[in-house]
Amino acid sequence: MRDIRLLAIAVLVAAGMLTTASAGTAAASGTEGSKGATEATRSTVAAACGVTWGSLPKTSEATGSRPLTNVRTGRHDCYDRMVLDIRGGTPAGTPAYDVRYVEKFYQDGSGHLIKINGGAVLQIVASAPSYDPDTHQPTYGGKGGKPLPGVDLTGYKTFRDARFGASYEGTTQLGLGVRARLPFRVFTLGDRLVVDVAHSWASAR
């Protein structure tokens, strides 16, 4: 009888050890599976981020002259984005723009040097003054040489700094500090002027 009890205990212990080992194997397999899925996702994102925008100046001679009302930024898988919101209504037309890398950022009108953090500086000039052309009342609260109101670039992969240059002769000048001289694109989307700067030349990082 004693031998039977000992045999039963041995069987139960063995079964418990087997269950524990199986659970450990399953847990390890799950961890590796999650890691593999994460790496696969990153590879898929990276493969989709090849860009052909280049880093040469981007310009448009559109006729819009409605005032700037806000500047905001956002993070995406392949690029960081800056959006200039233009007041809707009349006169119709999208804003003209000149966006290019500059060695140093000089304030329009005064010629004062404005220091901007980052490995490269992208100058954005748009035919959207920060004031109402009819009433001359401010429509955007940017101050010369100061960070853009409400713009927080903490955690961005490419953007490092964003400062107001000037609103001069019907245009607004902004300085965007980026990590390095990276590809960028510029386009209009309704009442918005959009500037995207890639995270890298080839793929996301």
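In this predicted model, the charged end of Lys-58 perches over the ring of Phe-184, 3.8 Å from its centre. Next along the chain from Phe-184 comes Arg-185, and that residue has a ring of its own to cover: Arg-185 lies over the face of Tyr-79, at 5.2 Å from the ring centre.

Now for rings meeting rings. Searching the whole structure turns up 4 aromatic pairs. Two of them are set out here, one involving Tyr-101 and one involving Tyr-140.

| Pair | Geometry | Centre to centre | Angle between planes |
|---|---|---|---|
| Tyr-101 and Phe-184 | edge-to-face | 5.6 Å | 80° |
| Tyr-140 and Phe-164 | tilted | 6.1 Å | 40° |

What does the edge-to-face pair join up? Tyr-101 belongs to strand E4 (residues 97-102) and Phe-184 to strand E10 (residues 184-188), so their pairing ties together parts that are 83 residues apart in sequence. Both Tyr-101 and Phe-184 are buried. Phe-184, then, has Tyr-101 as its aromatic partner and the charged end of Lys-58 sitting over its ring.

The tilted pair brings a loop into play. Tyr-140 comes from the loop between strand E7 (120-126) and strand E8 (159-168), while Phe-164 is in strand E8 itself, so this contact ties together parts that are 24 residues apart in sequence.

Are the two rings of that tilted pair buried or exposed? Tyr-140 has 7% relative accessibility, so it counts as buried. Phe-164 comes in at 4%, and therefore counts as buried too.

Definitions and conventions
Residues are numbered from 1 along each chain as its sequence is written. This is a predicted model: local features need pLDDT of at least 70, side-chain atom pairs count only at pLDDT 80 or more; totals for chains, interfaces and linings use all residues. Side-chain values use heavy atoms; hydrogens and water are left out. Rings of Phe, Tyr and Trp (its six-membered ring) pair if their centres lie within 6.5 Å; planes under 30 degrees apart count as stacked, over 60 as edge-to-face and the rest as tilted. Helices (H or I, at least four residues) and strands (E, at least two) are DSSP runs, numbered from the N terminus. Buried means under 20% relative accessible area, exposed over 50%, partly exposed in between (1.4 Å probe, protein chains only). A charge sits over a ring if NZ of Lys or CZ of Arg is within 6 Å of the ring centre and within 35 degrees of the ring normal.
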